[in-house]
Amino acid sequence: MQQREANNGDRLPLFEDDMSTRGFRGKRRDAPSGRVPPGQYLTSDFPVLSAGPTPRISLDTWSLAIEHPARREIGRWTWEGLLGLPATEVKVDIHCVTKWSKLDTRWKGVTFDTLLEATGQPAPTQFVMALCDGDYATNVSVADLEGGKALVAYAYDGQPLAPEHGGPVRLLVPHLYFWKSAKWLRALRFIPADSPGFWESHGYHIRGDPWKQERYEGD
Ligand SMILES: Nc1nc2c(c(=O)[nH]1)N[C@H]1C(S)=C(S)[C@@H](COP(=O)(O)O)O[C@H]1N2
Ligand SMILES: [Mo]
């Protein structure tokens, strides 16, 4: 995959870097095949996939927590607090296990690395459960979050993230199937060992790498 190779493994390409190198990539828009994982088709619209209703979330009371396995909080940010952290803009391709892929989606938010750094501690364990309003949860390894691979995103395509797409804040882990990109994110809880979240306990793959077609348990 071109974007990955050009950007150190799975690291998210910074939006500015991407724009500045675009000239060297020439016709990559005409040759998207190398960017579409096996079994996926391209879509230009943005489907909404939610296991339940879109929660109503008030920014006045909203916060995002990072929790130690013993559930002790090691960080918490209000909406203003989150916006006050250094932001990152990325342009990435996303891949849903229901087989749509969408190229060049633009997001803004705070990287996992920046949040963890702001806690002033190293990762307490190697696995995280992303917890959401509305009971959804998904597991992600620290290896799949760190090194610029994941964003806590609050803007999409230059606008505040729409509620149906996970606003105010969602996780964005674009190198894994999109079910890992938890909408309405409220906490990142470090867990002692990898354990399934919502879809992962309903037969979906524990990791979900679209390039390996890790769709279902056992793939
Ligand atoms: N909280 C929450 N996050 C979620 C989901 C959900 O049902 N609830 N669905 C997941 C799935 S299966 C996909 S494909 C994407 C869909 O995101 P979208 O609706 O913005 O396209 O969100 C993921 N994150
Ligand atoms: Mo999905």
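This is a short chat about a predicted model and its ligand 1.

Student: What should I know about the model before we start?

Tutor: It is a predicted model in which local features need pLDDT of at least 70 and side-chain atom pairs count only at pLDDT 80 or more, while totals for chains, interfaces and linings use all residues. Residues are numbered from 1 along each chain as its sequence is written, chains are lettered from A and ligands numbered from 1 in the order in which they are written, and side-chain values use heavy atoms, with hydrogens and water left out.

Student: How many residues surround ligand 1, and which are the closest?

Tutor: There are 20 residues around ligand 1, counting those with a heavy atom within 4 Å of it, and the closest are P47, A51, H165, R170 and K183.

Student: How does that shell divide into nonpolar, polar and charged?

Tutor: It holds 14 nonpolar, three polar and three charged residues, where Asp, Glu, Lys and Arg count as charged and Gly is among the polar ones.

Student: Which polar atom of R170 lies 2.8 Å from ligand 1, backbone or side-chain?

Tutor: It is a side-chain atom of R170, and its partner is an oxygen atom of ligand 1; a polar contact here is a pair of N or O atoms within 3.5 Å. Polar backbone atoms also take part, with that of P47 2.6 Å from a ligand oxygen and that of L49 at 2.8 Å from one. The protein covers 97% of the 530 Å² of accessible area that ligand 1 has on its own, by the Shrake-Rupley method with a 1.4 Å probe.

Student: Switching topic, how many aromatic pairs are there?

Tutor: The whole structure has 15, a pair being Phe, Tyr or Trp rings with centres within 6.5 Å.

Student: Why is the pair of F46 and F178 called tilted?

Tutor: Their ring centres are 6.4 Å apart and their planes stand at 35°, so the pair is tilted, given that planes under 30 degrees apart count as stacked and over 60 as edge-to-face.

Student: And the backbone, which peptide bond is cis?

Tutor: The bond from G167 to P168 is cis, with omega near 15°. Separately, K99 has a positive phi of about 95° although it is not a glycine.

Key:
Polar contact = N/O pair within 3.5 Å; in protein donor to acceptor, adjacent residues only side chain to side chain. Phe/Tyr/Trp six-rings, centres within 6.5 Å; stacked < 30°, edge-to-face > 60°.
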